[in-house]
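Reader: Could you walk me through the labels used for this model and how each one is earned?

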Amino acid sequence: MKKNILVTGGLGFIGSNFISKIIKMNYNIVNVDCKSYASVDPDILKFNLFNNYKFYEININNYDDINNVIKKYSFEKIIHFAAESHVDNSIEDSLIFAKTNILGTINILESYKNLESNKKLFLHVSTDEVFGSIETDRFNEISSYKPNSPYAASKASSDHFVKAYFETHNLPVIITNCTNNYGKYQHKEKFIPTIIKSLISRFKIPVYGNGKNIREWISVEDHVDALIFLINNGKIGESYCIGSGEELSNIELANKLCSIYDKITNKTNSNSLISYIKDRKGHDFRYAVDSSKINKLGWKNKYNFNDSLENTLLWYLDNKDFLT
Ligand SMILES: NC(=O)c1ccc[n+]([C@@H]2O[C@H](COP(=O)([O-])OP(=O)(O)OC[C@H]3O[C@@H](n4cnc5c(N)ncnc54)[C@H](O)[C@@H]3O)[C@@H](O)[C@H]2O)c1
């Protein structure tokens with residue numbers, strides 16, 4: 001018999017890539033999403049064509065709404081993606097980040113805690129940004145939390161609540177702290193789609209500050225595989241850092257995308273479009289994680305960075321509407 005699994009934020013970038021994979025597996029999927037500006041059009045995703053998929057347009061900030069769905073299906077597993085996810089927006093206005101990322105998460109935890117049936121897993125999809133910035137070395141699961149942006153602070157807070165529900169109520173939780181993702185269906189506000197959009201329209205490519213800030217980039221396909229691996233193999237009560245080891249400064253990434261774009265389209269000198277802009281407030285210098293805990297458990301990233309980046313660029317070239 002298929003198991004009931006709740007996915008929150010399954011119309012978002014990572015959530016939709018996750019559903020694309022598990023929809024072919026042995027699950028009845030319920031996706032709850034409020035269809036925020038960051039969500040992907042369900043008509044593009046076409047999950048409705050599968051009879052093991054149901055969608056509810058629900059805001060997780062409303063306890064009764066999310067509680068009704070959780071009670072109705074008695075989920076064995078919950079995979080929690082729904083969040084406000086863009087750092088720049090959190091700098092402009094933090095309130096919605098506190099509402100969705102903290103209160104919304106507590107609503108689900110509280111509802112799941114109150115469910116009497118066979119609860120197996122609440123998987124909280126979090127970020128490496130909760131640890132703050134690191135000059136050398138890498139963050140791991142025992143690194144202290146030191147969030148700097150309001151986004152990171154809201155995710156850090158939600159991580160603490162998840163841990164508290166494990167310690168206090170014995171709720172079966174796992175937390176993942178993943179590095180920056182790239183791939184299809186990422187909203188145009190994020191760095192890689194922004195670069196691609198500028199390349200296509202021949203606008204300036206905005207790069208914050210001196211471009212030297214470093215990020216570790218993982219294919220969304222690898223992230224999703226890691227989550228599926230942890231659903232089956234992760235240890236309850238544990239956190240896992242998920243990364244690829246692929247570190248680049250923002251300017252290196254912009255230059256790399258320019259040269260891939262030039263190669264594909266026979267254009268030249270696209271990197272002359274790169275333009276430095278005023279730095280982001282409180283801009284973290286570097287994020288990098290040590291993935292050895294999940295690697296030792298048996299998962300390792302497998303997508304080649306250059307190939308996946310090129311495939312991402314090709315996907316956006318085929319789906320230009322996604323950037324408008
Ligand atoms: N994108 C990354 O690089 C990255 C890296 C590590 C962790 N994460 C985490 O992964 C998760 C998913 O990130 P993403 O990039 O796919 O985000 P996204 O912004 O692309 O998607 C978020 C989805 O959540 C939905 N949502 C937002 N508020 C909601 C609410 N109140 N009720 C119901 N649904 C709501 C949106 O409609 C959207 O479909 C987030 O929790 C994020 O913190 C993201």
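Author: Happily; we will take the sheet, its helices, the core and two loop residues in turn. Please keep in mind that this is a predicted model, where local features need pLDDT of at least 70, side-chain atom pairs count only at pLDDT 80 or more, and totals for chains, interfaces and linings use all residues. Residues are numbered from 1 along each chain as its sequence is written.

Reader: What makes β1 and β2 paired strands?

Author: Strands are DSSP runs of E of at least two residues, helices are runs of H or I of at least four, and both are numbered from the N terminus. Two strands pair if DSSP finds at least two bridges between them. Six bridges join β1 (residues 3-8) to β2 (residues 27-33), so the two strands, which run parallel, count as paired. Within this pair, I5 has I29 of β2 as its bridge partner.

Reader: Why are β3 and β10 called edge strands?

Author: The open sheet has seven strands in the order β3-β2-β1-β4-β5-β6-β10, with parallel pairing. Both β3 (53-57) and β10 (239-242) pair on one side only. From one strand to the next, the twist averages 20 degrees.

Reader: How do you know the direction of α1 against β2?

Author: Axes are lines fitted to C-alpha atoms, for helices over the stretch in contact, and angles run from 0 to 180 degrees between N-to-C directions. Contact here requires C-beta atoms, placed from the backbone, within 7 Å. On that scale, α1 (residues 13-22) runs at about 165 degrees to β2 and lies across β1, β2, β4 and β5. Helix α8 (residues 220-233) also packs on the sheet, touching β4, β5, β6 (173-178) and β10, and makes about 150 degrees with β5.

Reader: What makes the largest nonpolar core a core, and why does it lie between domains?

Author: A nonpolar core is a set of buried Ala, Val, Leu, Ile, Met, Phe, Trp, Tyr and Cys residues joined through C-beta atoms within 7 Å. Of the 80 residues in the largest one, I78, I79, L123 and L257 touch the most other members. Domain 1 (3-182 + 217-246 + 291-297) and domain 2 (191-213 + 248-285 + 305-323) both contribute residues, so the core lies between them; the bounds come from an automatic or database domain assignment.

Reader: Why is S74 called exposed?

Author: A residue is exposed if 12 or fewer other C-beta atoms lie within 10 Å of its own, buried if 20 or more do, and partly exposed in between. S74 has 12, so it is exposed. D137 has 10 C-beta neighbours inside 10 Å, so D137 is exposed too.

Terms used
Two residues are in contact if their C-beta atoms, placed from the backbone, lie within 7 Å.
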